[in-house]
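Reader: I'm in my first year and I get lost when I look at a whole protein at once. Could you pick one part of this one, zoom in, and walk me through what sits around it?

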Amino acid sequence: VARNDGEHYGRLLVYRFPRQSLVFGPQQVQNRMNQDPMIAREVSLWDQRGSEVIRGALMVIPIEASLIYVQSLYLRAQGGRIPELKRVIVAYQNRVVMDETLERGLARLFGGPLPPPVLIDDLPIDETAAAPPTTPAPPNASTAELLTRARQHYDRAIEAQRAGNWALYGTEIERLGAILRQLGTAPVPPDPR
């Protein structure tokens, strides 16, 4: 590492890690970030329809006998000049997480309390985006109940789309799909005639 601080400017440091422990290098961590299903899905959604995803520099931060890797993701709209910070990816050992801020990413990575979600146009980021996005209906849910819930998930997906919250959009579309599948297997109500 080349130092860049005041009187230590230009000094080189060498970090030596214990031979018995596995420490991933920058390219291995970058590959893990690219292969993470949640990250790949969101980046693919953002990188469509005239938007461009810009990856910040991968920062390597030494902590005791290990490393933490941090990378920012920016989104620039078509014709836009200034990219907007969308997410921060944090990796430590075998874990990779992505969240709206570094603080939230570290809390998810190390199990601390999550700070309040960032609000985008008064639409909170869904905390369960990484969980399986299904909302099973009760076994006795009527067709009318399922239709009402389908409409709610559709409306939330449209709100998330307008806000540019593609993680929540994808979650709501998947929940909508689960309800539509339930509707496909729901018993047909008797004809009231």
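Author: Sure! Keep in mind that this is a predicted model. Let's begin with an empty space: the largest pocket holds about 240 Å³. It is lined by 14 residues, and those closest to its centre are Ser51, Leu75, Lys86, Gly164 and Trp166. Which elements give two or more residues to that lining? They are helix H2 (37-46), strand S3 (66-76) and strand S4 (84-92). As for chemistry, the pocket lining divides into seven nonpolar, three polar and four charged residues.

Let's make S3 the part we zoom in on. Before that, a quick bit of orientation. The protein has five helices and seven strands, and if you read from the N terminus, the elements go α-α-β-β-β-β-β-α-β-β-α-α. S3 sits in that run of β elements in the middle of the string. Of the 193 residues in the protein, 35% are buried. Now look at S3 itself: nine of its 11 residues are buried, so you can think of this strand as mostly covered.

What does S3 pair with? One partner is strand S1 (residues 52-55), which pairs with S3 in the antiparallel sense over four bridges. If you want a spot to look at, find arginine 55, which stands opposite leucine 73 in S3. Another partner is strand S2 (residues 59-63), also antiparallel to S3, with five bridges joining the two. There you can look for methionine 59, whose bridge partner in S3 is valine 70. Then comes S4, which runs antiparallel to S3 and is joined to it by eight bridges. Leucine 73 turns up again here, with arginine 87 as its bridge partner in S4. So leucine 73 has arginine 55 opposite and arginine 87 as a bridge partner. While you trace these strands, remember that in a regular strand the side chains alternate between the two faces of the sheet.

S3 also helps to enclose a second kind of space. The structure holds one cavity of 30 Å³ or more, and the largest cavity has about 80 Å³ of space. Helix H1 (26-35), S3 and S4 are the elements that give two or more residues to its lining. S3 gives the most, with three residues. Among the residues that line the cavity you'll find Ser66, Leu67 and Tyr69, along with Ala91 and Tyr92. This lining divides into nine nonpolar residues, two polar and one charged.

Tyrosine 92 is worth a stop. Tyrosine 92 lies in S4 and also lines the cavity. Is tyrosine 92 buried or partly exposed? Its relative accessibility is 22%, and buried means under 20%, so tyrosine 92 counts as partly exposed. Now look across to isoleucine 68: the two residues are 24 apart along the chain, yet their C-alpha atoms are separated by 5.0 Å. Setting aside neighbours within four places in sequence, tyrosine 92 touches Ser66, Leu67 and Ile68, and also Leu109 and Phe110. The side chain of tyrosine 92 also makes a polar contact of 3.3 Å with the side chain of glutamine 93. Links between distant stretches of chain turn up elsewhere too: among contacts between residues at least 6 apart in sequence, 44% join residues at least 24 apart.

Following those contacts to Leu109 brings us to helix H3 (residues 102-110), where Arg104, Gly105, Ala107 and Leu109 are buried. Among the things that cover the buried residues of H3 are S4 and S5. Just after the helix, glycine 111 takes a positive phi of about 80 degrees.

Last stop: aspartate 99, in strand S5 (residues 95-99). With 5% relative accessibility, aspartate 99 counts as buried. Its side chain and that of arginine 108 are joined by a polar contact of 3.4 Å. Leaving out neighbours within four places in sequence, aspartate 99 is in contact with Arg87 and Val88, and with Arg104, Gly105 and Arg108. Arg87 takes us back to where we zoomed in, as the bridge partner of leucine 73.

Methods
Residues are numbered from 1 along each chain as its sequence is written. This is a predicted model: local features need pLDDT of at least 70, side-chain atom pairs count only at pLDDT 80 or more; totals for chains, interfaces and linings use all residues. Side-chain values use heavy atoms; hydrogens and water are left out. Buried means under 20% relative accessible area, exposed over 50%, partly exposed in between (1.4 Å probe, protein chains only). A polar contact is a pair of N or O atoms within 3.5 Å; within protein, one must be able to donate a hydrogen and the other to accept it, and residues adjacent in sequence count only if both atoms are side-chain atoms. Contact means heavy atoms within 4.5 Å. On a 1 Å grid over the protein atoms alone, a cavity is a set of points where a 1.4 Å probe fits but cannot get out, and a pocket is an open set with protein on both sides within 12 Å along at least five of seven lines; lining residues have an atom within 4 Å of a point. Grid points are joined across faces, edges and corners, and a volume is the space filled by probe spheres set on the points. Ala, Val, Leu, Ile, Met, Phe, Trp, Tyr, Cys and Pro count as nonpolar, Asp, Glu, Lys and Arg as charged, and the others, Gly among them, as polar.
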